[in-house]
Amino acid sequence: METLPDNPYLLLTPGPLSTTKSVKQVMLRDWCTWDDDYKQIVETIRATLVQLATPVPGYTAVLMQGSGTFCVEACLTTAIPDKGRLLVLANGAYGRRIARIAACQRIDHLVLDSGDTEWPDTEVLSKALAQDPGITHVAVVHCETTTGMLNPVADIGDIVRRFHRTFIVDAMSSFGGIPMDMAQIQADYLISSANKCIQGVPGFGFVIAGKRELARTRGNARSLSLDLFDQWETMETGHGKWRFTSPTHVVRAFAKALEELAGEGGVAQRWKRYRENRDLLIAGMTRLGFVPLLDEPYRSPIITAFLGPDHPDYRFNQFYDRLKQKGFVIYPGKVTQQDTFRIGHIGDIHPADIPQLLAAVQDAMYWV
Ligand SMILES: *Cc1c(COP(=O)(O)O)cnc(C)c1O
């Protein structure tokens with residue numbers, strides 16, 4: 001087999017992210033979608049995802065074509081019936097996107113927005129649920145990739161459970177990178193995608209759901225292609241069959257990525273590597289004069305937002321271009337009130353890469 005070219009740069013972004021050569025290599029052949037070889041790969045992936053999500057029985061995984069947002073939309077439109085009402089806890093762009101999806105799908109909803117740098121207020125949540133028995137579902141983002149904020153999903157799950165509502169967690173950027181047990185955080189639905197912490201390539205997402213919860217959703221979906229129940233039923237009865245064309249190469253790469261996650265020592269080891277990346281990054285960036293947007297207790301091992309330097313000559317685009325020439329791609333900010341940029345520490349990025357990144361950042365600081 002021909003060797004693959006080296007990447008011209010490392011992606012320090014929240015997805016797609018840098019993947020190993022071995023993950024990319026397994027895509028270099030074609031796969032038939034309906035035979036047992038392929039379906040066995042799909043079934044192994046589904047079982048592995050459930051194992052990663054919780055040791056408690058009673059959960060199932062459904063894969064869905066598209067990027068992560070397609071999966072969030074599939075989950076919302078399928079989980080929430082016409083008579084349902086969704087409460088969205090938002091503190092960043094991805095939480096607000098959940099509300100936009102609800103609006104597009106004509107799902108009755110309300111939003112509690114705590115701003116980009118604060119956790120959702122659990123007191124306000126309790127009050128809202130106590131006062132409004134019509135709220136059937138609560139949704140929150142686990143790691144708000146806008147800022148890197150890690151939200152207290154277990155505390156929120158406790159409250160949602162106390163009021164017997166259904167709990168939907170967008171764990172897109174955290175699943176596989178941070179140890180979590182969806183039964184323990186009392187999530188009924190956990191959503192993520194192939195190109196985040198599992199370190200696969202983009203092309204599909206997945207929802208891990210309580211079987212009893214999902215089994216009650218037949219006919220809810222306001223969309224054919226995004227009907228998560230229908231996709232689940234087809235995968236269950238067809239033993240790994242997808243409705244419509246499945247992203248075969250991406251699926252094969254994802255299976256390899258899951259093997260590599262196990263080879264690294266599982267989620268606990270990956271979490272450790274990501275935290276080491278982050279700690280080295282923040283220490284080095286602080287030495288260079290950069291200030292993280294969030295205080296310590298809010299930070300995640302996934303991505304860190306830094307304040308843009310307060311200098312009249314600083315332009316993000318120029319900084320970005322210089323870093324890219326030196327082999328590192330960073331990410332623009334998404335916070336509405338402040339000028340920020342983001343550096344991801346997930347993917348095939350290792351502590352040994354960080355000193356080189358910091359040297360490149362120092363070189364790229366043309367404004368000092
Ligand atoms: C990446 C991400 C998504 C999905 O984004 P896509 O661009 O559709 O893949 C959703 N929520 C969070 C928190 C994310 O980080």
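**Exercise 1. Find the polar contacts of the ligand.**
Task: Which ligand atom lies 2.7 Å from a polar side-chain atom of Asp170, and which side chains reach ligand oxygen at 2.5 Å?

Solution. Keep in mind that you're working with a predicted model.
- Step 1: Start at Asp170. A polar atom of its side chain sits 2.7 Å from a nitrogen atom of the ligand.
- Step 2: Turn to the ligand's oxygen. Thr145 puts a polar side-chain atom 2.5 Å from an oxygen atom of the ligand, and for Thr69 an N or O atom of the side chain is 2.5 Å from a ligand oxygen.
- Step 3: Check these against the cut-off. A polar contact needs N or O atoms within 3.5 Å, so the pairs pass.

**Exercise 2. Describe the shell around the ligand.**
Task: How much of the ligand's 380 Å² does the protein bury, and what kinds of residues make up the shell?

Solution.
- Step 1: Take the area. On its own the ligand exposes 380 Å², and the protein buries 86% of that.
- Step 2: Ask which elements contribute. α3 (68-79) and α4 (93-104) are the ones that give two or more residues to the shell.
- Step 3: List the residues. Around the ligand you'll find Ser67, Gly68, Thr69, Tyr94, Arg97, Val141, Cys143, Thr145, Asp170, Met172, Ser173 and Lys196.
- Step 4: Sort them. The shell splits into 4 nonpolar, 5 polar and 3 charged residues.

**Exercise 3. Lay out the seven-stranded sheet.**
Task: In what order do the 7 strands of the open sheet run, and which strands are at its edges?

Solution.
- Step 1: Write down the order. It goes β2-β10-β9-β8-β5-β3-β4, with mixed pairing.
- Step 2: Pick out the edges. β2 (59-65) and β4 (109-113) each pair on one side only.
- Step 3: Add the twist. Ignoring direction, neighbouring strands are turned by 20 degrees against each other on average.
- Step 4: Zoom in on one pair. β5 (residues 137-141) and β8 (residues 166-170) run parallel and are joined by 5 bridges; Val140 has Val169 in β8 as its bridge partner.
- Step 5: Put the helices on. α3 lies across β2, β3 (86-90), β5, β8, β9 (189-193) and β10 (204-210), at about 160 degrees to β9. α4 also packs on the sheet, where it touches β3, β4, β5 and β8, and its direction makes about 155 degrees with that of β3.

**Exercise 4. Do the same for the three-stranded sheet.**
Task: Why do β11 and β13 each have one side without a neighbour in the sheet?

Solution.
- Step 1: Get the order. This open sheet reads β11-β14-β13, and its pairing is antiparallel.
- Step 2: Look at the ends. β11 (303-307) and β13 (331-332) stand at the edges with a single partner strand each, so one side of each has no neighbour in the sheet.
- Step 3: Check a pairing. 2 bridges join β13 to β14 (residues 340-344), and Pro332 is matched with Phe341 in β14.
- Step 4: Add the helix. α10 (residues 266-287) lies across β11 and β14, running at about 10 degrees to β11.

**Exercise 5. Spot the unusual backbone geometry.**
Task: Where is the cis peptide bond, and in which loops are Gln186 and Gln199?

Solution.
- Step 1: Look at omega. The bond joining Gly15 and Pro16 is cis, with omega about -5 degrees; Pro16 belongs to the loop between β1 (10-11) and α1 (21-25).
- Step 2: Look for positive phi outside glycine. Gln186 has phi near 65 degrees, and Gln199 has phi near 70 degrees.
- Step 3: Place them. Gln186 is in the loop between β8 and β9, while Gln199 is in the one between β9 and β10.

Notes:
Residues numbered from 1 in each chain as written. Predicted model: local features only at pLDDT ≥ 70, side-chain atom pairs only at ≥ 80, totals over all residues. Heavy atoms only, no water. Near = heavy atom within 4 Å. Polar contact = N/O pair within 3.5 Å; in protein donor to acceptor, adjacent residues only side chain to side chain. Areas by Shrake-Rupley, 256 points an atom, 1.4 Å probe, with all protein chains shown as cover. Helix = DSSP H or I, 4+ residues; strand = E, 2+ residues; numbered from the N terminus. Nonpolar A, V, L, I, M, F, W, Y, C, P; charged D, E, K, R; others polar. Pairing = 2+ DSSP bridges. Axes fitted to C-alpha atoms, helices over the stretch in contact; angles between N-to-C directions. Contact = heavy atoms within 4.5 Å.
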